[in-house]
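Trainee: Hey, got a minute to walk me through this one? I've only just opened it.
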Amino acid sequence: VFGVETPASIDAARALMERFGVDSETAFNIITTGMQSGLSANGDFMESITEYAPVFEAAGFNAAQMYSIMESGAASGVLGTDKISDAVKEMNIKLTEGGDATRDAFSSMGMNFNEIAGFV
């Protein structure tokens, strides 16, 4: 219906189901809503779900939060769900690694690194 190959849709749905424990109906509803909302304007929505579901899971997000982050990023002008998802991946790496530079960066934004890193 959306010009997406069936295997790509199935892979994305499977990633949502396996990583976040949602049922197939919920997984396909997320995919459908994303397609209808224009999240695949760059043609990367299915691949982003499949590739980055493990990253979002590792960062402690659920399927709805993953979708919301992609949607918010797109609404803010980020070009492509791949770039949005990669930013989450990089943030998770920084939070996991810690270090003085990361602590200082969060502090400069008025944020407590230890509180934020506790979620990772």
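Mentor: Sure, here is a quick tour, starting with the whole chain and then going to single helices. It's a predicted model, where local features need pLDDT of at least 70, side-chain atom pairs count only at pLDDT 80 or more, and totals for chains, interfaces and linings use all residues. Residues are numbered from 1 along each chain as its sequence is written, and side-chain values use heavy atoms, with hydrogens and water left out.

Trainee: Cool. How many helices and strands are in the protein?
Mentor: Seven helices and zero strands. Those are DSSP runs numbered from the N terminus, with helices being H or I of at least four residues and strands E of at least two.

Trainee: And what share of the residues is buried?
Mentor: Of the 120 residues, 33% are buried. Buried means under 20% relative accessible area, exposed over 50%, and partly exposed in between, using a 1.4 Å probe and protein chains only.

Trainee: Let's pick a residue. Where is Ser48?
Mentor: Ser48 sits in helix H3, which spans residues 45-58. Its relative accessible area is 1%, so Ser48 is buried.

Trainee: What does its side chain reach?
Mentor: The side chain of Ser48 gets to the backbone nitrogen of Asp82, at 3.1 Å. Beyond its neighbours within four places in sequence, Ser48 also has contacts that include Met66, Met70 and Thr81. Contact here means heavy atoms within 4.5 Å.

Trainee: Switching topic: at what angle do H1 and H3 pack?
Mentor: About 15 degrees, with the axes of H1 (residues 6-20) and H3 lying 8 Å apart. That makes H1 roughly parallel to H3. Angles under 35 degrees count as roughly parallel, over 145 as roughly antiparallel, 65 to 115 as roughly perpendicular, and the rest as oblique. Axes are lines fitted to C-alpha atoms, for helices over the stretch in contact, and angles run from 0 to 180 degrees between N-to-C directions.

Trainee: Which residues of H1 and H3 meet?
Mentor: Among them are Ala12, Leu16 and Phe20 from H1, and Met46, Ile49 and Ala53 from H3.

Trainee: What about H2 and H3, what angle is that?
Mentor: H2 (residues 24-36) packs on H3 at about 140 degrees, with axes 10 Å apart. H2 and H3 are therefore oblique to each other. Ile30, Ile31, Gly34 and Met35 of H2 make the contact with Phe45, Met46 and Ile49 of H3.

Terms used: A polar contact is a pair of N or O atoms within 3.5 Å; within protein, one must be able to donate a hydrogen and the other to accept it, and residues adjacent in sequence count only if both atoms are side-chain atoms.
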